[in-house]
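Student: I would like to learn how a protein structure is read, one feature at a time. Where should a beginner start?

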Amino acid sequence: MGKNIRRIAVFTSGGDAPGMNAAVRAVVRTASFHDLHVYGIFEGFQGMIEGKIERLETSDVANIIHLGGTKLKTARSQDFMTEEGRQTAYENLMAHEIDAVVAIGGNGTYTGAMVFTETYDIPFIGLPGTIDNDIFGTDYTIGFDTAINTAVEAIDKVRDTAHSHNRLFFIEVMGRHVGAIALYTGIGTGAGRIFMPETETDLEDFVKHLQKASRRKKLFNVVVVAEGNQNGNAMQIAQYLEEKHSIKSKVTIIGHLQRGGSPSASDRVLASRLGYNAVNALLKGKKNVALGTINHKIVYTPFEKAISDRKLLNGDLIKMADILSQ
Ligand code: F6P
């Protein structure tokens, strides 16, 4: 058993993700079941430094499971990257007699937790909350399923007008430096091409693909572009094709729409499982690990490995997407 855990803090950090509220709810409800007190830290690590820490009762998380965004707010914190900032944060946690912390966020959140726990002996559990699905140690991150459903719905709408006008559209999706959102939404919308950081973007080959499609009277095309695509985002690709080949196109950037909305059932269940198991992990003495699910089983990954190991996209999915888009 872990040291006597009586008071747990929970916070959300980094880009918000649909399902974060469900995770917070599960932490509070599970902790309350075990007669633990829970404190919400508002605005992530910055709030920990500014002392934005308030008790959370089980009633405080009523009627939030379906809400996008995060009740605890989030923020990116430069101050936390300083020793002084982390010392202030530690003092605030001690002032509330916090014994352990659940941090819900992405790689940046795990990095902050890892650096903090190198100095201060307070157990942290990390939960993968980001739409990017770029965190090692879990098949899916909280928010990814909702984000790809949002993007698919948007791209289906664009397909209608692309088809009506025989137009070429480049649609940019989020994902920071990885192409998980692009890959899944590209497959889900039957995109003519998917340009993402993990694969070669051969625009001359794409021009040949367009010419071949035109010869078989396929005169419209919808192409999904990951914002982190190596040699060009959607706007840059469109400009290249116009300047080099006089190929006209339209660009739609879905942007922060992918971060909002009511979490999908899948994200709600994933978030609830992770929040529930975060409290149980602390009670079992686990600390400074990230929780995830792999093949539906709960797994623990030390922060250092979760941060340093790169999560690879499924190569078979990439190959399948290429074949299905011919
Ligand atoms: O990490 C989630 C994410 O939405 C990325 O996909 C995107 O690049 C980034 O956050 C945008 O950050 P911000 O909301 O701070 O502009």
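Tutor: Let us start with a single pair of residues: Ile171 stands opposite Val224 in strand β8. The model is predicted, so local features need pLDDT of at least 70 and side-chain atom pairs count only at pLDDT 80 or more, while totals for chains, interfaces and linings use all residues. Residues are numbered from 1 along each chain as its sequence is written, and side-chain values use heavy atoms, with hydrogens and water left out.

Student: What do labels such as β8 stand for, and what does it take for two strands to pair?

Tutor: Helices (H or I, at least four residues) and strands (E, at least two) are DSSP runs, numbered from the N terminus. Two strands pair if DSSP finds at least two bridges between them. In this model, β6, which spans residues 168–173, and β8, which spans residues 221–226, pair in the parallel sense over six bridges. Besides Ile171 with Val224, you can look for Glu172, which stands opposite Val225 in β8.

Student: Over how many bridges do β7 and β8 pair, and which residue of β8 is the bridge partner of Phe195?

Tutor: The pairing of β7 with β8 is parallel and runs over three bridges, and the partner of Phe195 in β8 is Val225. Val225 also has Glu172 standing opposite.

Student: In what order do the four strands of the open sheet lie?

Tutor: The order is β7-β8-β6-β9, and the pairing is parallel. The strands at the edges are β7 (193–195) and β9 (250–253), each of which pairs on one side only. From one strand to the next, the twist averages 20 degrees.

Student: Which helices pack on this sheet?

Tutor: Axes are lines fitted to C-alpha atoms, for helices over the stretch in contact, and angles run from 0 to 180 degrees between N-to-C directions, while contact means heavy atoms within 4.5 Å. Helix α7, residues 203–215, packs on the sheet and touches β6, β7 and β8, with a direction that makes about 165 degrees with that of β7. Helix α8, residues 234–245, also packs on the sheet, where it touches β6, β7, β8 and β9, and its direction makes about 155 degrees with that of β6.

Student: Is β8 itself buried or exposed?

Tutor: A residue is buried under 20% relative accessible area, exposed over 50%, and partly exposed in between (1.4 Å probe, protein chains only). Six of the six residues of β8 are buried, so this strand is largely enclosed by the rest of the structure. Both of its faces are covered, with Asn221, Val223 and Val225 buried on one side and Val222, Val224 and Ala226 buried on the other.

Student: How do individual residues in the helices come out, for instance His209 and Glu243?

Tutor: His209 belongs to helix α7 and, at 8% relative accessibility, counts as buried. If its neighbours within four places in sequence are left aside, His209 is in contact with Gly192, Arg193, Asn221, Ser325 and Gln326. Glu243 belongs to helix α8 and is exposed, with a relative accessible area of 68%.

Student: What does the spacing along the chain look like beside the spacing in space for these two residues?

Tutor: Glu243 and Ala182 are 61 residues apart along the chain, and their C-alpha atoms are separated by 25 Å. His209 and His296 are 87 residues apart in sequence and, from C-alpha to C-alpha, 39 Å apart in space.

Student: How is the packing of two helices described?

Tutor: Two packed helices are described by the angle between their axes and the distance between the axes. Helix α6 (residues 180–189) and helix α11 (residues 315–324) pack at about 40 degrees, with their axes 10 Å apart. Here Leu183, Tyr184 and Ile187 of α6 meet Leu317, Ile318, Met320 and Ala321 of α11. For helix α1 (residues 20–33) and helix α9 (residues 265–283), the angle is about 35 degrees and the axes are 7 Å apart. The residues that meet there include Ala22, Ala26 and Thr30 from α1, and Arg268, Gly275 and Tyr276 from α9.

Student: Which strand pairs with β2, and how many of the five residues of β2 are buried?

Tutor: Strand β1, residues 7–12, pairs with β2 in the parallel sense over five bridges, and the bridge partner of Ile8 in β2 is Val38. Strand β2, residues 37–41, is mostly covered, with four of its five residues buried.
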